[in-house]
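Please look over the sequence and the structure shown here, and then follow the paragraphs below, which lead from one pair of strands to the whole sheet, the helices on it and the cores.

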Amino acid sequence: MTDPYLSPEGATAPGPGGLAARADAPSVVELPPAHLELEWRPLVVADAPALHRLLGVIEEADASLSRTSAAAARELLTGDWKDLAADTLAGVDAGGELRAYAIVEVRPGDQRTVRAFLRGGIHPAWRGRGVGPALLRWMEGRGRQMLAASGKDVPGRLAVYVDEDQRDQRRLYAAAGFSPIRWYTQMRRPLAAPVLDATVPAGLQVVPWSEDLDDAVRLAHNEAFLDHWGTEPQTPETWRGHQSGFAPSWSFVALDPSGGDDAAAGSSPVVAGYLLSGRYEEDWPALGYSCGYTELLGVRPAYRGRGLAVALLASAMEAYRADGMQYAALSVDAANPSGAHTLYERLGYERVHGEVLYSVEI
C-alpha cells in the first residue's frame, strides 16, 4: 500500500507556526559522523534498484504487511518538485552497497500547512550502531530548512508515518521530540460475503475511470477533502506522482450529466465522486490473501448524504471479485470527521492493523 498522497485531525492541531517560527532553521545540516562507517552521498535515480533491494530486506525483517515494488521505489526518486542532491542521503558501505537511506519531501501544493515528510531506513545488520538517531537528526534538520525555504507563512509540520507495531522506531521518534498525533486503520472486507446492494443516486451515473476524466477527478478530490485534517491540494504533478500501483479497471467516477450546481460546466457532466483503486500484488504474500485496495474515495459536498460513497464501493467490490480477489481493503483516518470509520464497519470491514503519524509542529 502506498504512502497517502491521498491523505488521510487529531488530538493535536497545528500551532501558529509560520515563517517567524521557522527562522531558527539550521544554516547547515551535518552529515552523519564518519565513525558510523558508512559513506554518505545523495541518492540518484540510478539507485532505484539498490533502494528496492534495501527496502525489501528492511520490510522482511520488520514483518511489514506493506512491501515496496520496484516501480514504487523508483517513484520515491522521481518528480519535478524533488531535489535529490539536497533532500536525500544514501549510506553506502565499503563495498558500495546501500545500507541506509533518507528522503525529505515537501510537496508543492501545500497551502494551509506546509509539510516536510521524512522517510528513512537502515539495513537490519547496521542497526544498533547509532545510524538511526544520526539519520533522523539529518532528516529533521533538512526538513526544517525546507519548511523555512518554502516561503509560505502558514503552520509547518515535520511528519513521519510509522507502523504501530514498530516499537523501536516509535521510541526513536518520541525521543527526538516527535508526538503521535494521528492514527490510521487498515481494514478489509471479505468478498466471499455478498457484495453491497447499492443503488446509484437518481440523476447520477457511475462510469469506469478514464484518462480524460483524471484532472477533473483531481479537482473533485481537492474539493472533497478540503475539510479533512492533514490534506492539502494536489497539483497535477503530485497527483500523477504515485501511479505504480494504480488499477484503472478497478477505479470509478460518479458523474452528474446535468452539470449540477457547477455554473462553469454548463450542461457538461461534472464529477460528483470517485473511487480510485490500487493493485499491490507484492503485498499479498505478507498479507496472506489477495485484495483490491480502495486508495481514494471522495464525494463532493453537494452530493453527500445520498449513498454515493456506498454505490462507488459496491462498484469497486464487484470489480475486485470479478478478478478473483479475496478481500476489499482500505485505510481510514480513525478521527475522520465524515464518520468514514463507522461507515466501513457497518459495511463489513474489519481492522487489520494500524499506522501512526508522528509530527513536530512548527
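In this predicted model, a convenient place to begin is Leu255, whose bridge partner in β9 is Val271. That pair belongs to a longer contact between strands, since β8 and β9 are joined in the antiparallel sense over 5 bridges. Both strands are part of an open sheet of 12 strands with mixed pairing, in which the order is β1-β2-β3-β4-β5-β12-β6-β11-β10-β9-β8-β7. At the edges of this sheet stand β1 (39–41) and β7 (205–208), each of which pairs on one side only. On average, and with direction ignored, neighbouring strands of the sheet are turned by 25° against each other.

Two helices help to show how the sheet is covered. Helix α4 packs on the sheet and touches β1, β2 (88–92), β3, β4, β5 and β12 (350–361), while its direction makes about 20° with that of β3. Helix α6 (residues 214–224), by contrast, lies across β8, β9 and β10 and runs at about 95° to β9.

Along the sheet order, β4 sits between β3 and β5, and its two pairings run in opposite senses. Strand β3 (residues 98–106) is joined to β4 by 7 bridges, and these two strands run antiparallel; within this pairing, Ala102 has Gly120 of β4 as its bridge partner. With strand β5 (residues 156–163), β4 pairs in the parallel sense over 4 bridges, and here the bridge partner of Ala116 is Leu158 in β5. Why can β4 be called largely enclosed by the rest of the structure? Of the 9 residues in this strand (residues 114–122), 7 are buried, and therefore the strand is largely enclosed.

The parallel strands β4 and β5 also form, together with helix α4 (residues 131–149), a right-handed β-α-β unit. The length of this helix can be checked: at 1.5 Å a residue its 19 residues should span 27 Å, and because its end C-alpha atoms are 27 Å apart, the expectation and the model agree. Helix α4 is mostly covered, with 14 of its 19 residues buried, and it is followed by Gly151, whose phi is positive, near 75°.

The nonpolar interior can be described next. The largest nonpolar core has 40 residues, and those with the most contacts inside it are Leu308, Leu313, Tyr320, Tyr344 and Tyr349. At least two residues of this core are supplied by each of β8 (252–256), β9 (270–278), α8 (284–287), β10 (291–299), α9 (308–322), β11 (327–333) and α10 (340–346). The largest share, 8 residues, comes from α9. As for Tyr344, when residues up to four places away in sequence are not counted, this residue touches Met187, Leu297, Leu313, Leu330, Val332 and Tyr349. A second, separate core holds 32 residues, including Val106, Leu118, Val356 and Ile362.

A last stop lies in a loop. Is Ala302, which is placed between β10 and α9, buried or exposed? Its relative accessible area is 54%, and because a value over 50% counts as exposed, Ala302 is exposed. The C-alpha atoms of Ala302 and Ala224 are separated by 9.5 Å, although these two residues are 78 residues apart along the chain.

Key
Residues are numbered from 1 along each chain as its sequence is written. This is a predicted model: local features need pLDDT of at least 70, side-chain atom pairs count only at pLDDT 80 or more; totals for chains, interfaces and linings use all residues. Side-chain values use heavy atoms; hydrogens and water are left out. Buried means under 20% relative accessible area, exposed over 50%, partly exposed in between (1.4 Å probe, protein chains only). Two strands pair if DSSP finds at least two bridges between them. A crossover is right-handed if, with the strands pointing away from the viewer, the path from the first strand over the helix to the second runs clockwise. A nonpolar core is a set of buried Ala, Val, Leu, Ile, Met, Phe, Trp, Tyr and Cys residues joined through side-chain atoms within 4.5 Å. Contact means heavy atoms within 4.5 Å. The expected span of a helix is 1.5 Å times one less than its number of residues. Axes are lines fitted to C-alpha atoms, for helices over the stretch in contact, and angles run from 0 to 180 degrees between N-to-C directions.
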